[in-house]
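Here is a briefing on one protein chain. Look over the sequence and the model before reading on.

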Amino acid sequence: MSLTSDHGLQHPQQLEDLLMYRLTRVVRSCSLPLVRLFEGELGITRREWHVLALVVQAGELAPSRIAELCWLDRPRVSRAVGRLVERGLLLRQAAGRSAQVHATAEGKTLYARAMAEAGAFNEALVDDLDTTELAQLDTLLNKLQARAQTLRDAPMPGRPVQRHAGGTRDRHGTTESASKPR
């Protein structure tokens, strides 16, 4: 199926045409079973699961790197790491002026259990897609992620960035803003 110039995703006219709205609906539809798994059965939040998974997969990470990979601010990551350390799932070790975090044996066991459960849910979610569709979906998601990254990092001419409303700072520590001083 090819997109024509009047396709809703290409030229949204209503809420259901917005890609972000549709992706959010998919994510929210999956949230309840995953919350039941992580919080109900495993006793960790989805954020803690995300942190644990990244650390197990990487071997060890600095909390600042975890924050980058999770796309969360450092205080939230610090709280999640702290709770996981308290539960004995992660171990935090000083490394000079920073710290490194790595998973304990118990953390790796919980990760394996959670990954098996989440993987089974993922398999059920994509069960109606054939091999070609799965490959296309993977390619399209990668393209969308790359484009989203480009758009996220691009200044929006004529719109000053407001940090409290989700703005960012540039590499030099100044708030990005396309508005000209008067």
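Gly43 is partly exposed, with a relative accessible area of 42%. That value falls between the cut-offs, under 20% for buried and over 50% for exposed, so Gly43 belongs to neither class. The model is a predicted one. The points below start at the loop of Gly43 and then move through the rest of the chain.

**Around Gly43**
- Gly43 sits in the loop between α1 (19-41) and α2 (46-58).
- Beyond its neighbours within four places in sequence, Gly43 is in contact with Phe38, Glu48 and Arg87.
- Arg87 is 44 residues away from Gly43 along the chain, yet their C-alpha atoms are 9.8 Å apart.

**Overall layout**
- The protein chain holds 6 helices and 2 strands.
- Read from the N terminus, the order of elements is α-α-α-α-β-β-α-α.
- The protein chain has 182 residues, and 21% of them count as buried.
- Take the contacts between residues at least 6 apart in sequence: 42% of them join residues at least 24 apart.
- The exposed area of the protein chain is about 13400 Å². Carbon and sulfur atoms supply 53% of that area.

**A buried strand residue**
- His102 belongs to strand β2 (residues 98-103).
- Is His102 buried or exposed? Its relative accessible area is 19%, which is under the 20% cut-off, so His102 counts as buried.
- Which residues touch His102, neighbours within four places in sequence left aside? They are Val55, Gly59, Glu60, Leu90, Leu91 and Gln93.

**Salt bridges**
- How many salt bridges does a search of the whole structure find? The search finds 5.
- One pairs Glu41 with Arg113, and their closest N and O atoms are 3.7 Å apart. This pair links distant parts of the chain: Glu41 is in helix α1, Arg113 is in helix α5 (residues 105-125), and 72 residues separate them.
- Both partners are partly exposed: Glu41 has a relative accessible area of 49%, and Arg113 has 41%.
- Glu41 stays out of the exposed class because its 49% does not pass the 50% cut-off.
- Asp73 and Arg76 also meet through their side chains in a salt bridge, at 3.7 Å from N to O.
- Asp73 counts as partly exposed at 38% relative accessibility. Arg76 counts as partly exposed at 35%.
- A salt bridge also joins the side chains of Arg152 and Asp153, with an N to O distance of 3.0 Å.
- Asp153 is partly exposed, at 44% relative accessibility.

**Nonpolar surface patch**
- Leu9, Leu19, Met20, Leu23, Leu129, Leu134, Leu137, Leu141 and Leu144 make up a nonpolar patch on the surface. Together they have about 700 Å² of accessible area.
- Which elements give two or more residues to the patch? They are α1 and α6 (131-153).
- The most comes from α6, which gives 4 residues.
- An α-helix has 3.6 residues a turn, so residues three or four places apart point the same way.
- Met20, one of the patch residues, lies in helix α1.
- Met20 counts as exposed because its relative accessibility of 58% is over the 50% cut-off.

**Helix α6**
- α6 has 23 residues.
- From its first C-alpha to its last, α6 reaches 33 Å. That is close to the 33 Å expected at 1.5 Å a residue.
- At the start of α6, a side-chain oxygen of Asp130 comes within 3.0 Å of the backbone nitrogen of Thr132.

**A backbone angle to check**
- Where is Trp71? Trp71 is in the loop between α3 (63-70) and α4 (74-86).
- Phi of Trp71 is near 60°, a positive value in a residue other than glycine.
- Trp71 has a relative accessibility of 57%, over the 50% cut-off, so Trp71 counts as exposed.

Methods:
Residues are numbered from 1 along each chain as its sequence is written. This is a predicted model: local features need pLDDT of at least 70, side-chain atom pairs count only at pLDDT 80 or more; totals for chains, interfaces and linings use all residues. Side-chain values use heavy atoms; hydrogens and water are left out. Buried means under 20% relative accessible area, exposed over 50%, partly exposed in between (1.4 Å probe, protein chains only). Contact means heavy atoms within 4.5 Å. Patches are made of residues with over 30% relative accessible area and no salt bridge: like charges are joined within 9 Å, nonpolar side chains (Val, Leu, Ile, Met, Phe, Trp, Tyr) within 5 Å. Accessible areas come from the Shrake-Rupley method with a 1.4 Å probe; for residues, only the protein chains shown count as cover. A salt bridge is a side-chain nitrogen of Lys or Arg within 4 Å of a carboxyl oxygen of Asp or Glu. The expected span of a helix is 1.5 Å times one less than its number of residues. A polar contact is a pair of N or O atoms within 3.5 Å; within protein, one must be able to donate a hydrogen and the other to accept it, and residues adjacent in sequence count only if both atoms are side-chain atoms.
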